[in-house]
Amino acid sequence: MLNYNSLSEFALAIKSVYSSFAVEEFLASVMDKTWDSLELKARGRQITINLGRYLPADYKEAIGVLDKVAPIYKGWGLFCFPDFVEVFGQDEKNWDISVNALERYTPYASAEWAVRPFIIKHEKRMMDRVYEWSKHKNEHVRRLSSEGCRPALPWSIALTKFKKDPSPILPILERLKTDPSLYVRRSVANNLNDISKTHPDLMIKIARDWYGKNEDTNWIVKHGCRTLLKKGNREVLAIFGYDDVTSIEVSDFSLATTALKIGEDTTFAFSIQAKEPTEARLEYGIDYVKSKGKRNRKIFQISEITLEKNEKKHYRRKLSFKDMSTRKHYSGMHSIGLIVNGVERGKLDFELEK
C-alpha cells in the first residue's frame with residue numbers, strides 16, 4: 001500500500017494546503033535506494049523524517065499543515081501524523097501542542113505508539129491527560145487512553161515501570177470497563193492481558209471483582225484472562241466455571257497419521273462424556289519443534305460447552321503444517337496434547353518431515 005502512487009496522493013494532499021511543499025523532492029527522498037529493504041514501521045519512519053525536511057521548520061506551523069491535511073486525505077500516510085509528533089514534538093516547549101495533536105490525530109490513525117515516549121518522560125503529567133482521554137466522547141480517543149498505556153504493546157517500546165507496577169493504569173481501565181464501544185473494551189481486555197503476564201494475582205483479583213456484574217465487562221474479563229486460561233490457572237478457570245476435572249471422561253483420542261511432511265494437513269479426533277452436569281473448556285496444545293531443535297507449546301481453543309449428565313460429544317479437527325508469515329515449521333518429533341479444563345488428558349507424538 002505504500003508505493004509511489006499512494007505517496008504521490010499523500011504529497012499532493014499536503015501540497016493542496018501548503019503550496020511550498022516540494023512534492024517530487026519529497027518523494028525522491030522517501031523512496032530512496034533503501035526503500036525496498038525497509039519493513040512497514042521503518043517505511044513509516046522514513047516518511048516521517050522527510051516530512052520534517054519539507055514541512056515548515058517551525059513545529060507549530062508544521063502541525064498546522066497536518067491539521068489541514070487530516071480531514072481531506074484518507075490514505076495510509078495518516079499513520080505518520082502521530083509519528084511526526086513523536087519524532088519532532090517531545091521537547092518541553094511543544095508539549096501541549098503535541099499532546100493536543102495526538103488527541104486530534106488518533107481518530108484518523110491511532111496514536112498508541114506515539115504517546116508512549118511522552119508517558120516515559122512525563123509519567124504523572126501524561127497519565128493525568130490519558131485519564132482525561134478516557135472520558136472523551138470519541139471512541140478512538142477513549143481507546144487511546146487504554147491502548148497507549150498497555151505495559152507490553154506489540155510493535156512498540158515496553159512501559160517497563162508499568163510492567164513492575166501497573167497501578168497507574170488501573171483507574172483508566174476501571175473507568176472504561178463498561179464502555180459502550182467494543183473497540184474500546186477490546187483494548188481494555190488487551191491491557192489486562194498484558195498485566196496478567198507479570199501480575200497474575202492482580203489480574204485474578206480484578207477478574208473476581210468485575211465478573212458477573214455486566215455482560216460487556218464479563219467479556220473484557222474473560223478476554224483479559226486468556227493467557228492465564230491457556231496456562232491452566234486453576235483460580236481463573238474456577239471463576240468461569242471450568243474447575244471440574246473429574247466429571248468428564250475422554251476417549252478415542254487419535255491422530256489420522258503419525259508422520260507427515262511440512263506443508264501437509266492431518267486431523268485429530270476424540271470424544272468426551274460427562275458423568276455429571278458440568279462446564280467444559282476444550283483446548284489442544286501443539287509442541288512445535290523450533291529452529292534450534294527445542295520444542296515450544298502453542299495452545300489452541302476448541303470449544304467451551306455445557307454438558308448434561310451422560311451427554312457425549314465427538315470432535316474432529318484439522319491440523320495444518322503449511323508455513324505462514326506467523327509460523328515456520330521445522331522437521332522433528334512433534335506432540336499434540338488434549339486439554340480439558342486446564343488439565344492435559346492425553347498426548348500423541350507425530351513426526352514432521354521436510
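I count a residue as buried when its relative accessible area is under 20%. I am working from a predicted model.

**Entry 1: Asp287 and its partner**

I looked up Asp287 with that cut-off in hand. Its relative accessibility is 8%, so Asp287 is buried. Which residue does Asp287 pair with in a salt bridge? I found Arg297, with the closest N and O atoms 2.8 Å apart. Asp287 sits in strand β4 (residues 278-289) and Arg297 in strand β5 (residues 295-307), so the pair ties together parts that are 10 residues apart in sequence. Arg297 comes out as partly exposed, at 29% relative accessibility.

**Entry 2: other salt bridges**

I searched the whole structure and got 28 salt bridges. I wrote down some of them.

Asp265 forms a salt bridge with Lys322. The closest N and O atoms of that pair are 3.0 Å apart. Asp265 belongs to strand β3 (residues 265-274), and Lys322 is in the loop between β6 (312-320) and β7 (332-340), so this salt bridge ties together parts that are 57 residues apart in sequence. I checked both ends for exposure. Asp265 is partly exposed, with a relative accessible area of 31%. Lys322 is partly exposed too, at 38% relative accessibility.

Next I took a pair inside one helix. Lys124 forms a salt bridge with Asp128, and their closest N and O atoms are 2.8 Å apart. Both are in helix α8 (residues 123-133), four residues apart, so about one helical turn separates Lys124 from Asp128. An α-helix has 3.6 residues a turn, so residues three or four places apart point the same way. Is Lys124 buried or exposed? I get a relative accessible area of 60% for Lys124, so it is exposed. Asp128, at 38% relative accessibility, is partly exposed.

I also noted a network. Glu112, Arg143, Glu147, Arg150 and Asp194 are joined into one by salt bridges that share partners.

**Entry 3: α9 against α12**

Arg143 and Glu147 turned up again when I looked at helix contacts. The axes of α9 and helix α12 (residues 182-198) come within 9 Å and cross at roughly 0 degrees. I therefore logged α9 and α12 as roughly parallel to each other. On the α9 side, the contact is made by Glu139, His140, Arg142, Arg143, Ser146 and Glu147. On the α12 side, Tyr183, Val184, Ser187, Val188 and Asn191 make the contact. I sorted the residues of this contact by class and got three nonpolar, four polar and four charged.

**Entry 4: α4 against α5**

How do the axes of α4 and α5 cross? I find roughly 175 degrees, with the axes of helix α4 (residues 59-69) and helix α5 (residues 80-88) coming within 11 Å. The two helices are therefore roughly antiparallel to each other. From α4, the contact uses Tyr59, Ala62, Ile63, Leu66 and Val69. From α5, the contact uses Phe81, Phe84, Val85 and Phe88. I sorted this contact by class as well: nine nonpolar residues, no polar and no charged ones.

**Entry 5: α6 and its neighbours**

I listed the buried residues of helix α6 (residues 95-105). They are Trp95, Ser98, Val99, Ala101, Leu102, Glu103 and Tyr105. What do these buried residues pack against? I found α4, α5, α7 (115-121), α8 and α9 (139-147).

**Entry 6: cysteines**

I looked for disulfides and found zero in the structure. Cys149 is in no disulfide, and the nearest cysteine sulfur, that of Cys225, is 18 Å away. The cut-off I used for a disulfide is a pair of cysteine sulfur atoms within 2.5 Å. Cys149 is buried, at 0% relative accessibility. I checked Cys80 as well, and it is buried with a relative accessible area of 1%.

**Entry 7: positive phi**

Most residues other than glycine have a negative phi. I noted two asparagines that have a positive value.

Asn310 has a phi near 70 degrees. I place Asn310 in the loop between β5 and β6.

Asn341 has a phi near 50 degrees. Where is Asn341? I place Asn341 in the loop between β7 and β8 (343-353). Its relative accessible area is 0%, so Asn341 is buried.

Notes: Residues numbered from 1 in each chain as written. Predicted model: local features only at pLDDT ≥ 70, side-chain atom pairs only at ≥ 80, totals over all residues. Heavy atoms only, no water. Axes fitted to C-alpha atoms, helices over the stretch in contact; angles between N-to-C directions. Parallel < 35°, antiparallel > 145°, perpendicular 65-115°, else oblique. Contact = heavy atoms within 4.5 Å. Nonpolar A, V, L, I, M, F, W, Y, C, P; charged D, E, K, R; others polar. Salt bridge = Lys/Arg side-chain N within 4 Å of Asp/Glu carboxyl O. Buried < 20%, exposed > 50% of the residue type's maximum accessible area, 1.4 Å probe, protein only.
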